[in-house]
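Visitor: I'd like a close look at one part of this model, the place where the two chains meet. Could you walk me through it, and add whatever helps me place it?

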Amino acid sequence: MSNPDAESRIGHLSIRDLSKSYGQTKALSDVNIEVQAGEFLALLGPSGCGKTTLLRSIAGLVEIDHGEVTIDGKRLNETPPWKRDISVVFQSYALFPHMNVRDNLAFGLRMKGVRKSKIDTRINDTLKLVRMEDFKERYPAQLSGGQQQRVALARAIVVQPRILLLDEPLAALDAKLRASVQREIRQLQSKLKITTILVTHDQSEAMSMADRIAVMDNGHVVQIADPTTLYRHPKTAFAAEFVGDINRLSGKMDYSGQCVRLADGLAVSIEAGRPEGPGDGDAALLMVRPEAVRISRTPVEGFCLTGVINDVVLIGDRVNIYATCVDTTVKVVKLTGSSDAEIFLPGEKVFLSWDQADSLVFAA
Amino acid sequence: MSRPRSMRQNARGYLLTFPAFAFLVVFFVGPLIVNLFESVKNEDGGLTYAQYVRALGDAYYLEVLGDTIVLSLAVTIASLVLGYPLAIAIARSRGALKSFLIFLVVTPLLINVVVRTFGWMVIFGRSGFINAILKLLDLDTATLTGTWTGIGIAMVQVLLPFMVLSIASTLEGIDGELEDAAITLGATPLKTIIHVIFPLSLQGVITGTLLVFALSMGSFVTVMLMGSNSTMVLPLLVYQQLNLASDWPFAAALGNILIFVVLIATALQLGLAKRGVRR
């Protein structure tokens, strides 16, 4: 959009020591997040982890108990939501049912006192961006879910907000549509360079859309990292399990042998120097991603787990192989037709191994 | 596939409405038909519209009809203005506070009309509560008994619950995220109510105004007890024609005129509803 104001609205958001309680329950405790101007951050966590409360606190729809929210260095705590310049796309879309698409978009512009002569141009430009320019006269009830979603997005960006908040905006769409809308939103966001925060419980959505992901659990931010780092080096067992699939084996920490001893006594050696790991002799969780596990019919050199295949599931491009080892089921993922994806049969005895670097160790 | 079953269920559903339906036919539609015949019946058994000519050709009756409509409109508007904020409060409150507010609103309905009206007479009377305060403040005293204003206030009190509960129930059906959306788009809470909440609650506003208007048009006990010679309404006139003048054909005609006015008002408002409420 060719508005000179757009460049000056940079939108660097910082959240400091933010806390919020509902009665006895702490919804958010000491949340600290910095979002760079133009960045796309995802707040990822299970329902009830506080991510929606955090989003609503940023918008000013929830009064916070403690801490502060600033945009470009300016404290927002005392600014009412209608003066914050923060747009929200709601899970229900919240389109005004008594207004057509044009009036839904015009609403924010009128409320913010944009001149009448400019309103039409801005509505047209924005509707073109979301490919809804032919639906101006339609009422929300006359649009499909995907179309309503795009109108909701258009209504949020037509006012050129400093921050765009997306509250599970794709939850109501079917899986196929969701993937294409994810890409569309991502493209639009990088084109407009609006600082964006997405709330989602869907880790693949967060991974595919966001520059960085803040994993939340029980009102705390567990880890903030880019998707690759988060996937490869999760800081806690919660983050490791929430992002992507992972196998968990329980054992005991053994620092003298620099390994984790599994229940059957097998030692899995790990990389040296893990400051946040469990203490010597403590119960430990050893985790490994399914795609990092190698599987073979003959034992390999170094450590290897013996197991028995209990299920082989072909899902299109990948094969999921489940093998029972020690006291748990290990999932192994291989590409269909790749050299080591031989077809294993249930009941077969197999050997599982992985690189030392692929072992993630956490306190149990 | 499921159609035959659902049709059978529908049939059973309709069957269950039969007792209520029969009751209404016998005790509501029946008397209305009798009323209609009564009003056009000639002394020798023929048909005549003389009663209607008499009612609509006389300045006094027309004035009473006009006063009745004006009073009902005023009561309706006052109930809407006073009731809307109260409906918002009820729709937003939760738990014990909500129950308390609803109880407060319906209390007037729990009190017998005569007792309630005498209460107002005590408050409004020459040496009543209001005048006592006015006297204490050294202001001129005023008597509201026997005036349209006094009658209006007393009627608003008892009709307010119908307005409030109709509006509150539609307000509760409005998705809270719509309000959040309006506010984050830059609308102040007042503008949110004007541009989003009010238009979406029109259905309840229309139901409420219809109820209050129709009930005011038919109410006469308050006027009979609190009114004076200068405050006459159509239903009270009907009552007098029946009980004092024993002029049944004329009372029937006046009653039908009253019903007709209410039907016109209902049709107007429903027409408005169709245009205003688009979903």
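Visitor: Before we get to the contact itself, what is the mean pLDDT of chain A, and what percentage of its residues reach 70 or more?

Guide: This is a predicted model, so confidence is a fair place to begin. Chain A has a mean pLDDT of 88, with 95% of its residues at 70 or more. Going element by element, helix α3 (residues 101-111) of chain A has the highest mean, 96, and helix α1 (residues 5-8) of chain A the lowest, 47. The start of the chain is the bit to watch: pLDDT is below 50 over residues 1-8 of chain A, and that stretch makes 8 contacts in the model beyond near neighbours in sequence. Where pLDDT is low, the coordinates shouldn't be read in detail.

Now for the meeting place. On one side, 26 residues of chain A are involved, in contact with 20 residues of chain B. Between them the two chains bury about 2000 Å², and 69% of that is on carbon and sulfur atoms. On the chain A side, the residues that lose the most area to chain B are Trp82(A), His98(A) and Met111(A), which together account for 31% of what that side buries.

As for charges, the count between chain A and chain B is 1 salt bridge. You can find the side chains of Arg56(A) and Asp180(B) meeting in a salt bridge, N to O at 3.0 Å. Polar contacts across the interface come to 4 residue pairs, with both partners at pLDDT 80 or more. Which parts of chain A do the touching? The elements giving two or more residues to that side are α2 (51-59), β6 (86-89) and α3 of chain A. By type, the chain A residues that touch chain B split into 17 nonpolar, 5 polar and 4 charged.

Let's stay with chain A a little longer and look at Arg138(A). You'll find Arg138(A) in the loop between α4 (116-129) and α5 (145-157) of chain A. Its relative accessible area is 35%, and since partly exposed covers the range between 20% and 50%, Arg138(A) is partly exposed. Leaving out residues up to four places away in sequence, Arg138(A) touches Asn100(A), Val101(A) and Leu143(A). With Val101(A) the sequence gap is 37 residues, yet the C-alpha atoms are 5.8 Å apart. The side chain of Arg138(A) also reaches the backbone oxygen of Gln142(A), at 3.2 Å.

For a contrast in setting, try Ser353(A), which belongs to strand β19 (residues 349-353) of chain A. With a relative accessible area of 5%, Ser353(A) is buried. Beyond four places in sequence, its contacts are Ala292(A), Val293(A), Arg294(A), Val300(A), Phe303(A) and Cys304(A).

And the partner? Chain B has 14 helices and 0 strands, and its C-alpha atoms fill a box of roughly 75 × 70 × 30 Å along the principal axes. Of the 279 residues in chain B, 37% are buried. Among chain B contacts with a separation of 6 or more, 70% join residues 24 or more positions apart. One spot to pick out is Ser127(B), in the loop between α6 (113-124) and α7 (129-136) of chain B. Ser127(B) counts as exposed because its relative accessibility is 70%, past the 50% cut-off. From Ser127(B) to Ala142(B), 15 residues apart along the chain, the C-alpha separation is 9.8 Å.

Conventions: Residues numbered from 1 in each chain as written. Chains lettered and ligands numbered in written order. Heavy atoms only, no water. pLDDT = per-residue confidence, 0-100. Helix = DSSP H or I, 4+ residues; strand = E, 2+ residues; numbered from the N terminus. Contact = heavy atoms within 4.5 Å. Buried area = accessible area lost by both parts, 1.4 Å probe. Salt bridge = Lys/Arg side-chain N within 4 Å of Asp/Glu carboxyl O. Polar contact = N/O pair within 3.5 Å; in protein donor to acceptor, adjacent residues only side chain to side chain. Nonpolar A, V, L, I, M, F, W, Y, C, P; charged D, E, K, R; others polar. Buried < 20%, exposed > 50% of the residue type's maximum accessible area, 1.4 Å probe, protein only.
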